[in-house]
Amino acid sequence: MQDFFMPRIFISYRRKDSRDIAGRLRDGLAQRYGKEHVFFDLESLEAGDIFEKKTRDKLHTSDVVIVLIGRRWVSQRDITRGTGLWDKQNLARMEIEAALGLGEKIAIIPILVNRAVMPTGLPDELRGITKRQIALLNTDTFRLQFELLCRRIDALDNTKSRQAPFVVPYPRSLSDKFCGRAGFLGMLEADFIDRNAHIAVAIRALGGSGKTRIASEFAHRLRSRYPGGIVFVRADSPSDLYANIARLAMDEHLALCTQDNRGAAESLLLEWFNSPPGKLLIIDNVDDQPAADAVVKFMEKISNNHVLITGRYRNWEPPVISRDLKNTLEPEDAEQMLLRTTAGRRHTVTDERVAGELARRLRYVPIALAQAAADIDRERTTLAAYLDFWEQNRRQVRGTDLDPETYDRALAVATTLQTSVRRLKPPALRLLNILAWLSSARIYPWMIDQIGSDLDIASSRDPEELKSCMLVNDSESGLFFTTSPLVQETTRDRLLERGQEEASGFLSIAAQWVVTGFEQNAEAYLPHLVSVLYHLNDPRFRVLSDSDVIDKMTRLVIFNLPRSGLHNHDPDLLPSLLGNFYEVVPFGPVLDQLVGKQPEHRWLAQQRKLLDTNNLVLRYAMAESIGHQWELADIRKSFLKSADLFEFELFGGALISKFSQDPETIETALLERLIDEPVYSGCAMLGHLFMNLASYYDVEEWIDGDNKRFWESRWEMISTEIAWIRALGAFSKQARPSGKDVEAAYDELQAVKGEIDDLLGRKLGPVIDSLLRSYHRDLGADVTRLQKAKDAFDVLRHDRLKRLIRIFFAHPLWAVQEAAATLLYELAMEHEGRVRKERIGIIEEFFGDPSWRVRYGAVEAAFAARHECPKTYELSVEKFCKDPNARVRGLSAENLVPIILNANYDRQAELLARFDFALREWVRDTDCFVLDHQHRLYHTLHLRSQKWHDRQPPVSSFVPKAVSPLFESTKDNWYEMSREQFLRLIEENKYRAERA
């Protein structure tokens, strides 16, 4: 085995971009690793060398490739002229392509020089560079960042001289300063040493009792007994557990996987941990049932070695051994801890007496004692002076809303933290106030140096001040730090005491930070983005002036959930993220992972909370996931046992999905149960099924044409669907039907067929031709084909693109219409100037199309473009709030609801006023689809006004007075009804109106 690792380093740069700092970097690396181990093109080539060949040979023998990216690494001129990195013969491009082609054989480190940002829109062959963990190198902070870079390079040796991993939260043992816990450590040692090879022990105590410190001390003192290594993960929630497992597997100490294969992180970590004995896994901060359930599920896959769990959760069952830790130290131990850990204090003759009094005031709580000691040591003050300052702060903290059952303890901790906070310099205090809204996951210095400095959040010096006060926790390597959830919670409470406006201001800054940072490094910022978004969705902190910001953040999170390991969320977080999100496509991968192959307790806990968000699109996506993954028997059982309307719609939708996949399994009795439901949604789901099958089957074989509740529906939304079902059946047989609405739908299908035949004759390319040929066959079975064909659409002439989009907007299936709307939106947004204007113009032109299906597609496209083209979206609401077709009116209402509900209170009032004309129209409507969405809007606002009456005005102050005849008899309280009550009411009144 080698005693050290001497890496071979290749430096790639563009001379016009970063030549000066490249030379300085070369000098530093040569001095540290030897000149012969650093390839730098100006010096490493000898006379007569073939430039490209020598470069390629050096790449293949290198361990590390450093890619320097400055502000001129790419330019608009290069893009337009096809020069620079857009030239396939460019040396820098060839170097990076070759390095990426070597896969995991080589470490690639992109370095952003002098506050450059990672460029977007790179050639496909280079985009892999954007997925690598970046580093920073600035002229003014070169020395510190160079040292961090070298530490990262040193950690890359995975086979030659690596020690057993030792990843613990506290890098150094307290030794004799660790007071009062020797007996407990001895008991832990006996638990592990005296039993079999696989055992799990849980330390149970209140927060602040020193559980994490004990686990860390145990690891330090027994390190030699675990030659295979000791590793640590936090499990504040299921999401944190799985995200931290992924980070641990990618940690430089283990390097079991990379970002590219992080989906295998859990299995790779388990494979490593279950290998020959001699390993310890510490799982920290397991405080509640969801986190405990996730830990138990994870431990079921562990067959070897030791697990040490810490947290407040108390109901562990065998085989986990529970050990209760006393929440406080003995008085004499607390006194000794203060005296031993404050070596930097100014000593006085009264130290022992004052230490005893201070320990008593701190209620002998370990975290308060440690915090006080760090403050005394840092300030080099006397114990007596600290005690006086602490008392001043205690009187200020008295008003804090603390838990009555642990008031004295909570007061001691809050006061001690406040004492440390009051000593901070303004920049460090500002940083702490912003960190309070982030996750407790890793924060790297470059996150502050790169983004934080630009937003005036902090400088690289400020975290050092927080570390010295124990307000953030440094890592052993110094490459990152973390923030304690207790410190974050206390900081948020302190800010709220000072006023909601101040708290909201720091939350807004945190939101700006994580959104900006996410564009540079999604991996590092994702947990922080999730945390900030969670707080933004709390009604107390509806601070952003525009709901679009929350919408964008939600979209970023949802699209990244599957690859992040965050799909195992605790029950409260996912409803917060997904409840007001109205795009079906991103839901699929997330829900597929959550739902699983059969009903499980873990999914059922999520299911109820997700259903209670009353989000129609989310409910549809949940049904699709269940329909594709569960067995029919499980779906049928759940459907027949539905406890309420939401469950009926969920499992009814899952049945429809299953029957669409395999019509041979259709059970007529279940279809009749859908029809018999006394609200419209059962018939609506059946209509969706028959729309999928009418081109291939005689659907009246399942539901006889004499069933008037379905075939002669009283609701316009459903009767419109039925006309198209019959038209599709006639179209497949090429037999003209009778009936005004059916004939009109049939004529539209024939017109589209003529358009398709004409375009096929124009030979638009194999991709487009394939889509057109499958239009009436199986396009609805895989709408992702439209997205995959985006490049083929993008190169079409404007007139042909417009014709094609209209054809897909006119498709009988909603899923195709939505996919075409998303496609048109993306085709517009990927361009600037004239092209974007023309493509947005297609949307607006279709606002006046005679086909309601085309108008429906235009509504979806306008909604997709609402952030970038708000005027187009507002015009769509104006055009369609009175549309003659109920489906178009309903979709327009459905899309506006989340925009209003996601907004803060000021913005919400503004939106209600701006769209008052549409809301007044919709609330007077007589169709179920439109009224359902109006009820959701006003019912949600009513519930919020009851819970947050000091912030949310009563609904009665702004709800339209003139309402639909279907509920005008109860116009004073219709929005107080549950959704099921409301839908039953309008169903009954609709029936009475027909009979009258």
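In which loop is asparagine 285 found? Select this residue to begin: asparagine 285 sits in the loop between β8 (279-284) and α11 (289-299). The names of such elements come from DSSP runs, numbered from the N terminus, with helices being H or I runs of at least four residues and strands being E runs of at least two.

Two remarks apply to the whole tour. The model is predicted, with local features needing pLDDT of at least 70 and side-chain atom pairs counting only at pLDDT 80 or more, while totals for chains, interfaces and linings use all residues. Residues are numbered from 1 along each chain as its sequence is written, and side-chain values use heavy atoms, with hydrogens and water left out.

**The whole chain**

Display the complete protein chain in cartoon form. Its secondary structure comes to 47 helices and 12 strands. Of its 996 residues, 57% are buried; here buried means under 20% relative accessible area, exposed means over 50%, and partly exposed lies in between, with a 1.4 Å probe and protein chains only. Among contacts (heavy atoms within 4.5 Å) with a separation of 6 or more, 74% join residues 24 or more positions apart.

**Asparagine 285 and aspartate 236**

Return to asparagine 285 and examine its backbone. Its phi is near 70 degrees, a positive value in a residue other than glycine. Asparagine 285 is buried, with a relative accessible area of 14%.

Now add aspartate 236, in the loop between β7 (229-234) and α9 (238-250). With a relative accessible area of 18%, aspartate 236 is buried. Which side chains make polar contacts with the side chain of aspartate 236? One is that of arginine 234, at 3.0 Å, and another is that of asparagine 285, also at 3.0 Å. A polar contact is a pair of N or O atoms within 3.5 Å; within protein, one must be able to donate a hydrogen and the other to accept it, and residues adjacent in sequence count only if both atoms are side-chain atoms. Leaving aside neighbours within four places in sequence, the residues in contact with aspartate 236 include Asp288, Ser440 and Pro485.

**Helices α9 and α10**

Select aspartate 240, which lies in helix α9. Aspartate 240 counts as buried, at 18% relative accessibility. Its C-alpha atom and that of serine 439 are 9.3 Å apart, although 199 residues separate the two along the chain.

Next, select leucine 269 in helix α10 (residues 265-273). Is leucine 269 buried or exposed? At 4% relative accessibility, leucine 269 counts as buried. Not counting residues up to four places away in sequence, leucine 269 touches Ile245, Leu248, Leu254, Leu256 and Phe298. The C-alpha atoms of leucine 269 and leucine 248 are separated by 8.1 Å, with their positions 21 residues apart along the chain.

**Two backbone details**

Select arginine 115, in the loop between β4 (107-113) and β5 (135-137). Phi of arginine 115 is near 65 degrees, a positive value in a residue other than glycine. Arginine 115 is partly exposed, with a relative accessible area of 27%.

Then move to proline 319, in the loop between β9 (306-311) and β10 (321-324). The peptide bond from proline 318 to proline 319 is cis, with omega near 15 degrees.

**The cysteines**

How many disulfides are there? The count is 0, a disulfide being a pair of cysteine sulfur atoms within 2.5 Å. Select cysteine 683: the nearest cysteine sulfur, that of cysteine 928, is 9.5 Å away. Cysteine 683 is buried, with a relative accessible area of 3%, and cysteine 928 is buried, at 0%.

**The largest cavity**

Rolling a probe the size of a water molecule over the atoms shows where empty space is left. On a 1 Å grid over the protein atoms alone, a cavity is a set of points where a 1.4 Å probe fits but cannot get out, and lining residues have an atom within 4 Å of a point. There are 6 cavities of 30 Å³ or more.

The largest cavity holds about 660 Å³ of space, where volume is the space filled by probe spheres set on the points, which are joined across faces, edges and corners. Select Leu616, Tyr620, Ala684, His688 and Met717, the closest to its centre of the 31 lining residues. Helix α27 gives the largest share of the lining, 6 residues.

Finally, colour the lining by class: 17 residues are nonpolar, 5 polar and 9 charged. Ala, Val, Leu, Ile, Met, Phe, Trp, Tyr, Cys and Pro count as nonpolar, Asp, Glu, Lys and Arg as charged, and the others, Gly among them, as polar.

Terms used. On a 1 Å grid over the protein atoms alone, a cavity is a set of points where a 1.4 Å probe fits but cannot get out, and a pocket is an open set with protein on both sides within 12 Å along at least five of seven lines; lining residues have an atom within 4 Å of a point.
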